[in-house]
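This report is written for a reader who is new to the structure shown here. Please look at the sequence and the model before reading on.

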Amino acid sequence: MSSGVHAALVPGGVIGNGRYRLLASSGADARSNAELWRARDGQLNRDVALTILLGDLADNEAAARARRTVERAMHASSFTHPGVSRVIDVLTPGTGIRPDEGILGMVVAEWTQGTDLMDLIAEGPLPAGAATRLLEPLGAAIEGAHHAGLVLGADHPQRIRVTSDGRLRLAFPGPRPDAIARDDVKGLGAILYLLLTGRWALPGGPQGVPAAPTGPDGTVVAPNALHPYLPHDLSSVAVRSLEDTSVGGIRTSAAILQVLDQIAAEEAQTALIPAVSSRDDDDQVVWTTQRPREDKQQKKKLWISVGVLALATVAVIVWLSVQIVGFFSDEPSKGGGPTVVINQPGSNGQTAPPAVAAGPVQPGQIGVYDVTNQPDSANQASRAVDTNATTFWRTDNYFQQFPALKPGIGLMASFAEPVKLASITITSPSKGTHVEIRVASAQNSPLEETKVIGVADLSDGQTQIQLNEHEPTGHVLIWITKLASAGGGKNQSEIREILYTRAQ
């Protein structure tokens, strides 16, 4: 890079054959050796967004990559959407750029009034409702572009701005030469992760923004592990969008939009910060940049407090409902409902005689079994076998039934020595929950290596599940494949007690 470029890329500097005067830097995308600037078009007398690709013309590889980025940006200029800034022009050395400027290419787009995304999250993460409403327009733009066979390059937070009416927009178009549609989806998931946690989950993020934490296996820690008040579905979508695996990973923006729509509807009463007047004469309104710090902090605390209060209220109502049902039931001492014996397939329509049991057997340990590494209420699994029907293990709330976000969730019991079970009795208020009883060779056996020995739809109360013939085993999985309806479009199941009965 020439010394002339260093001198020019400062506020007040002029580039592009003297046409564009730089006003303020919006960041840099080191992956493309690109700088992002707000500038003034001296010929048309308007502000523009410049994506400036730097490098040495003698570097053939760098020059070829810059040409490819400019070509892709020009190709995408035919695509119009409120979630993407319109490309006005593209420049290359000899066509709008002097060869001695040290600039390999430049994408000129209309300026997006509002504020930088990084300024928005400077005070901390946002509540779920605000994050979804911000992200939806950008997600819709990516979905539309992919249907048109285009890649936008929406995978860096400093390329994104927040419009004056509170929506995310790709303000600095110009996809990397090797970017594919999958990168847009991962970028959407990473931006959602950033909004919810204030951390960036992809390589090449901006300086000063902390990286997302990872677990022992290298996968990104879910947002609701950092902030438990976040909805499970939204948290799951954020991390699954980042995964490249064919199983469990989200590979389309349509899948993300579906969950965003559901969360937005659920959080409809959560309002975004209104637009306020800017002190910058060139921007008529901004979103948050001129708010006093105390006001932003109080607003976010209020959002969180309202969300926590709402969840607590719902929990109290559910608890009271369960207690009232139990109080007026005919046999409260038996868990608030009748015992239902489920007979297994293969009996030719006839009821098999119940197995003679030698008596209850207690597992040595029990844990949540989850193939997505995002176990629900992992620290509460032992409550399902503590012989206390007032305590329970409960799944997270899901807006979509299994297997939309995961194939299922379960409790894996491990016994001190192999046992042959005659039946399992589950006490639960979650009528309609579908469970499979599976035996496994190890605590962490893959699901496909486990064997089904019983199935049932739980009743409200006790459900006794007679088990098929099986070899003694040290590990038994209760695998939930369908959750009970919890009302309001949510699905959740609760297990209060599990009784394992040994066969004779």
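How many bridges join strand 4 to strand 7, and do the two run parallel or antiparallel? Strand 4, made of residues 46-54, is joined to strand 7 by seven bridges, and the two run antiparallel. What is shown is a predicted model.

**Strand 7 and its partners**

Strand 7 spans residues 103-110, and seven of its eight residues are buried. Besides strand 4, strand 5 (residues 87-93) is joined to strand 7, here by four bridges and again in the antiparallel sense. Strands of a sheet pair through backbone hydrogen bonds, in either a parallel or an antiparallel way. The table lists pairings by bridges, with the residue ranges of the strands.

| Strand | Paired with | Bridges | Sense |
|---|---|---|---|
| Strand 4 (residues 46-54) | Strand 7 | seven bridges | antiparallel |
| Strand 5 (residues 87-93) | Strand 7 | four bridges | antiparallel |
| Strand 15 | Strand 17 (residues 409-419) | five bridges | antiparallel |

Single residues can be placed in these pairings. Leu53 has Gly105 of strand 7 as its bridge partner, and Leu91 has Met106 of strand 7. Gly367 stands opposite Met412, which lies in strand 17.

**An open sheet**

Strand 15 also belongs to an open sheet of five strands, ordered 15-17-22-19-20 and paired antiparallel. Strand 15 (365-369) and strand 20 (451-457) are at the edges; each has a single partner strand, so one side of each has no neighbour in the sheet. From one strand to the next, the twist averages 20°.

**Buried sites**

Helix 7, residues 232-240, is mostly covered, with nine of its nine residues buried. Among them are the charged-name positions His232, Asp233 and Arg240.

Asp29 belongs to strand 2 (residues 20-29). Is Asp29 buried or exposed? Asp29 counts as buried because its relative accessible area is 0%, and the cut-off for buried is under 20%. The side chains of Asp29 and Arg31 are joined by a polar contact of 2.8 Å. Beyond four places in sequence, Asp29 is in contact with Ala34, His156 and Arg159. Gly204 is 175 residues from Asp29 along the chain, yet their C-alpha atoms are separated by 7.6 Å.

**Confidence**

The chain has a mean pLDDT of 81, with 79% of its residues at 70 or more. Over residues 269-304 the pLDDT is below 50, although this stretch has 73 contacts in the model beyond near neighbours in sequence. Residues 325-356 are also below 50, with 43 such contacts. Where pLDDT is low, the predicted coordinates should not be read in detail.

Notes
Residues are numbered from 1 along each chain as its sequence is written. This is a predicted model: local features need pLDDT of at least 70, side-chain atom pairs count only at pLDDT 80 or more; totals for chains, interfaces and linings use all residues. Side-chain values use heavy atoms; hydrogens and water are left out. Buried means under 20% relative accessible area, exposed over 50%, partly exposed in between (1.4 Å probe, protein chains only). Two strands pair if DSSP finds at least two bridges between them. Contact means heavy atoms within 4.5 Å. A polar contact is a pair of N or O atoms within 3.5 Å; within protein, one must be able to donate a hydrogen and the other to accept it, and residues adjacent in sequence count only if both atoms are side-chain atoms. pLDDT is the predictor's confidence in each residue, from 0 to 100. Axes are lines fitted to C-alpha atoms, for helices over the stretch in contact, and angles run from 0 to 180 degrees between N-to-C directions.
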